[in-house]
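Have the model open in your viewer and keep the selection tool handy. We will go from stop to stop, picking out a few residues each time.

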Amino acid sequence: MLPRHHEPIVAVATAPGRGAVGIVRLSGRGLQALHQPLCGRPLKPRHAHYGPFLDADGQALDHGIALWFPAPHSYTGEDVLELQAHGGPVLLQLLLQRCLQAAAEADPAHGAARLPGLRVAQPGEFTERAFLNGKLDLAQAEAVADLIDASTEAAARSAARSLDGAFSRAVQALRDDLVHLRMGVEATLDFPEEDIDFIRQADVAGQLARLQARLADVLSHTRQGALLREGLHVVIAGQPNAGKSSLLNALAQAEVAIVTPIAGTTRDVLQQAIQIEGVPLHVIDTAGLREGDAVDDVERIGIARAWNRIERADAVLFVHDLTRATDPAYAQADAAIAARLPARVPVLHVWNKADVAPLSPGAEGVAVSARSGLGLDTLRQRLLHAVGYSAQTAEGLFSARQRHLQALQRVADHLATAQRLLDSPAPALELLAEELRLAQEALGRITGAFGADDLLGEIFARFCIGK
């Protein structure tokens, strides 16, 4: 641990602004020395004490509740003192400064500082200490921030499951299987003349196949958990006057975009947050995609921005106008747009204006009417399906991040390489063992078993102060 991790810390743990209650939280060694100067009496462990919070002259700054949690039975694993006062910003700052002042004052009985080194906490430092002291693993620590930042009920529930350890237990089960597999492989390195028999007896091939199947299941759940946390960026694209802005309004159930019969009305990107079955979606309306002399400089910039958003999208709703579907020039322009769409992005074809024109039998996609709402429920379900989200498994999901997905994908890549080595006519056992070691290291980074200091700093710096 770095030297700063041994210093006692203090911070306002509640959100900025006025509120009924505000909390000043302290963590570190020796906090018992502050009970008398701050609260005027000793505090019993894990009891709520109502009384005054005292200034340097012994006068009450406020009246509230003090909670004392001696180490190791606390959130951080250190001594923790929480002062619950009224939630005025000025009052909480006065209480914070009083804590710092009390820590620096000389103790007449001993002629020494009461609590040397007390300082204001950095963002996420309380949860960082919980991780460093073994109260949480890294995935659980990240779930604390995810629970605070959850924008939907489903996201909050999945974050709570991760905080409870559901994701960590899934990762640990994979790690246990991987360690057992490594034992079987590395044992053969001590007996190279009998390596084939050892591999057969240890059922290395069967263990590896079962491990890859379990990893695929965890990876699938992790992808869906990442959707709940981060949401989807869905771009509505198509030619002018296809009904893109009307579709955005219909999905958002509000008039968020201007709709006119004039081609090129939308000239910039317009984003609206919605949710479908608890999955947050960032739906982005874009300028109509077209070329020609009718496009002025402003619209051309809007079209360039539209393509930029399409390249970065998680999914694209390609809107077609059913009333112009039989026009060869219109169909040719649609085909040119479709050919330019990035191959990695799921595309859902949306045939708009189905209330006034029938869907062509050969057309793919979903027929809707942005005006009447026809087909919108089907569109919502197809959109979730296109990005791999299943409502049936939502109850068992845990929150996850892109960092977790990348780590699991590295594990999958190493196991795939191990599979190829194992399937070769003359398996190179040293290389096979190394791939399994690298897979275990990638897996350990999820929970912090293998974590560089710069990775930890990046994670906890994103937390709010006081957490």
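Start by selecting A273 and H282: A273 stands opposite H282, which belongs to β11. Bear in mind as you look around that this is a predicted model. Now widen the selection to residues 270-276, strand β10, and residues 279-285, strand β11. The two run antiparallel and are paired over seven bridges. Two residues sit between the strands of this hairpin, and E277 there is worth a click for its backbone: its phi is positive, near 50°.

Next, move to the open sheet. In what order do its six strands lie? Going across, you pass β3-β4-β5-β2-β1-β8, and the pairing is mixed. Colour β3 (48-54) and β8 (119-120) to mark the edges. Each has a single partner strand, so one side of each is left without a neighbour in the sheet. Then show helix α2, residues 89-104, which packs on the sheet. This helix touches β1, β2, β3, β4 (60-69), β5 (79-87) and β8. Compare the directions of α2 and β5: the angle between them is about 150°.

Within the sheet, select residues 9-12 for β1 and 19-28 for β2. These strands form an antiparallel pair with four bridges. For one residue pair to zoom in on, take V12, whose bridge partner in β2 is V24.

Stay with the sheet for the cavity stop. A search of the whole structure turns up one cavity of 30 Å³ or more, and the volume of the largest cavity is about 40 Å³. To see its walls, select C39, R41, H49, Y50, G51, P52, F53, G64 and A66. Which strand gives the most to this lining? That is β3, with five residues, while β3 and β4 each supply at least two. Colour the lining by class and you will find five nonpolar, three polar and one charged residues.

For the last stop, turn to the salt bridges, which number 20 in this model. Show the side chains of D146 and R229, which meet in one of them at 2.6 Å, N to O. What does this pair tie together? D146 lies in helix α4 (residues 138-149) and R229 in helix α8 (residues 204-230), so the contact links parts that are 83 residues apart in sequence. Display both helices along with the two side chains to take in the whole connection between α4 and α8.

Terms used
Residues numbered from 1 in each chain as written. Predicted model: local features only at pLDDT ≥ 70, side-chain atom pairs only at ≥ 80, totals over all residues. Heavy atoms only, no water. Pairing = 2+ DSSP bridges. Contact = heavy atoms within 4.5 Å. Axes fitted to C-alpha atoms, helices over the stretch in contact; angles between N-to-C directions. 1 Å grid on protein atoms, 1.4 Å probe; cavity = no way out; pocket = protein on both sides within 12 Å on 5 of 7 lines; lining within 4 Å. Points joined across faces, edges and corners; volume = space filled by probe spheres on them. Nonpolar A, V, L, I, M, F, W, Y, C, P; charged D, E, K, R; others polar. Salt bridge = Lys/Arg side-chain N within 4 Å of Asp/Glu carboxyl O.
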